[in-house]
Amino acid sequence: AAAASPATAAAGTAAGTAAAASPAPLAASSGRPAAAMPTAAAAASAQERMDAYEAAELSTAELTEPLPTSLAGFRRHRLYCLESQLTSTQVLRPRGPVVGRFRGEAVFPRSCVQELRTERGWLRAEGRRVAPGAEPVRT
């Protein structure tokens with residue numbers, strides 16, 4: 001590489017001191033240069049990317065989570081359930097795929113669990129009425 005002449009080096013030094021004499025304008029609250037401040041759109045975009053990354057990571061972790069090793073582990077588990085652990089107001093519908101076995105009992109995905117309500121329960125919770133002639137799932 002060629003060496004810079006003394007005149008060129010002096011010109012660069014003079015330009016450097018001129019740039020140092022007039023610093024970039026600073027943002028009011030952070031003390032960072034205004035050009036380096038993220039805009040609201042850029043910050044929102046970065047947050048959306050981070051949220052998407054975290055959601056993908058969590059869903060991957062859920063898919064690789066093993067079955068619980070104890071009966072108590074199935075109670076209120078967010079992914080898996082045993083039919084014997086369902087309450088009187090829950091039913092497996094549709095009777096989904098068996099994802100495994102625990103002590104000879106079939107393990108179902110929690111997404112197949114449906115909450116049951118009475119006529120009054122539907123009216124209070126959802127503001128809906130049961131259709132005339134509708135058959136109950138469980139009596």
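This report describes a predicted model of a protein chain, moving from its overall build to its pockets and then to its salt bridges.

## Overall build

The protein chain contains 4 helices and 5 strands. Read from the N terminus, these elements follow the order α-α-α-β-β-β-β-β-α, and it is useful to keep that order in mind when the individual helices and strands are named below.

Of the 139 residues in the protein chain, 15% are buried. The surface that the protein chain exposes comes to about 10800 Å², and carbon and sulfur atoms supply 58% of that area. Among the contacts in the protein chain with a separation of 6 or more, 38% are made by residues that stand 24 or more positions apart.

## The largest pocket

Rolling a probe the size of a water molecule over the atoms shows where empty space is left. In this model, the largest pocket holds about 590 Å³ of space. Its lining is made up of 21 residues, and those closest to the centre of the pocket are Arg117, Trp122, Val130, Pro136 and Val137.

Two elements, strand S5 (113-115) and helix H4 (119-126), each supply at least two residues of this lining, and H4 gives the most, with 3 residues. When the lining of the largest pocket is sorted by class, there are 7 nonpolar, 6 polar and 8 charged residues.

## The second largest pocket

The second largest pocket has a volume of about 160 Å³. The residues that line this pocket are Phe74, Arg75, Arg76, Cys81, Gln85, Thr87, Gln90 and Arg110, and by class they divide into 2 nonpolar, 3 polar and 3 charged.

## Salt bridges

Side chains of opposite charge can pair when their charged atoms come close. In this model the count comes to 3 salt bridges, and each of them can be described in turn.

In one salt bridge, the side chain of Arg78 meets that of Glu65, with a distance of 2.9 Å from N to O. Arg78 lies in the loop between helix H3 (71-74) and strand S1 (80-82), while Glu65 lies in the loop between helix H2 (40-63) and H3, so the pair ties together parts that are 13 residues apart in sequence. Arg78 counts as exposed, at 53% relative accessibility, whereas Glu65 is partly exposed, with a relative accessible area of 22%.

Another salt bridge joins the side chains of Glu83 and Arg95, again with 2.9 Å from N to O. Glu83 is found in the loop between S1 and strand S2 (90-92), and Arg95 in the loop between S2 and strand S3 (100-102), so this pair ties together parts that are 12 residues apart in sequence. Glu83 is partly exposed, with a relative accessible area of 38%, whereas Arg95 counts as exposed, at 53% relative accessibility.

The remaining salt bridge brings together the side chains of Glu126 and Arg117, at 3.3 Å from N to O. Glu126 is partly exposed, with a relative accessible area of 44%, and Arg117 likewise counts as partly exposed, at 37% relative accessibility. Arg117 has already appeared in this report, as one of the residues closest to the centre of the largest pocket.

Notes
Residues are numbered from 1 along each chain as its sequence is written. This is a predicted model: local features need pLDDT of at least 70, side-chain atom pairs count only at pLDDT 80 or more; totals for chains, interfaces and linings use all residues. Side-chain values use heavy atoms; hydrogens and water are left out. Buried means under 20% relative accessible area, exposed over 50%, partly exposed in between (1.4 Å probe, protein chains only). Contact means heavy atoms within 4.5 Å. Accessible areas come from the Shrake-Rupley method with a 1.4 Å probe; for residues, only the protein chains shown count as cover. On a 1 Å grid over the protein atoms alone, a cavity is a set of points where a 1.4 Å probe fits but cannot get out, and a pocket is an open set with protein on both sides within 12 Å along at least five of seven lines; lining residues have an atom within 4 Å of a point. Grid points are joined across faces, edges and corners, and a volume is the space filled by probe spheres set on the points. Ala, Val, Leu, Ile, Met, Phe, Trp, Tyr, Cys and Pro count as nonpolar, Asp, Glu, Lys and Arg as charged, and the others, Gly among them, as polar. A salt bridge is a side-chain nitrogen of Lys or Arg within 4 Å of a carboxyl oxygen of Asp or Glu.
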